[in-house]
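Student: Got a minute to walk me through this one? I'd like to start with the overall picture.

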Amino acid sequence: MKGVLQIVGVFFAGALVGFMLLGFGLSVNISMMTGTVVILVLAYFVTKQNYKQSSKKKE
């Protein structure tokens, strides 16, 4: 359940960044690309963190 909440949080954060940039008057393409990059970067860190936690539990 925790993993699902993290994924939803990551998507909301990325969408929020995209909409904020859109609000500042940047073009839709740039805003959506930046939002997607933020989602990918956050997803990478979340999975990396989860991998560390799961490997610690195994020890």
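Tutor: We'll go from the whole chain to a few residues. This is a predicted model, where local features need pLDDT of at least 70, side-chain atom pairs count only at pLDDT 80 or more, and totals for chains, interfaces and linings use all residues. Residues are numbered from 1 along each chain as its sequence is written, and side-chain values use heavy atoms, with hydrogens and water left out.

Student: OK, how many helices and strands does the chain have?

Tutor: There are 2 helices and 0 strands. Those are DSSP runs numbered from the N terminus: H or I of at least four residues for helices, E of at least two for strands.

Student: And what percentage of the residues is buried?

Tutor: 12% of the 59 residues. Buried means under 20% relative accessible area, exposed over 50%, partly exposed in between (1.4 Å probe, protein chains only).

Student: How much area does the chain expose?

Tutor: About 4800 Å², with carbon and sulfur atoms supplying 75% of it. Areas come from the Shrake-Rupley method with a 1.4 Å probe.

Student: Switching to single residues, where is A15?

Tutor: A15 sits in helix α1, residues 2-23. Its relative accessibility is 32%, so A15 counts as partly exposed. A15 and M32 are 17 residues apart in sequence, yet their C-alpha atoms are 8.0 Å apart.

Student: What about N29, buried or exposed?

Tutor: N29 is exposed, because its relative accessible area is 58%. N29 belongs to helix α2, and its C-alpha is 9.6 Å from that of G18, 11 residues away in sequence.

Student: Last one: which helix holds F45?

Tutor: Helix α2, residues 28-58. F45 is partly exposed because its relative accessibility is 48%.
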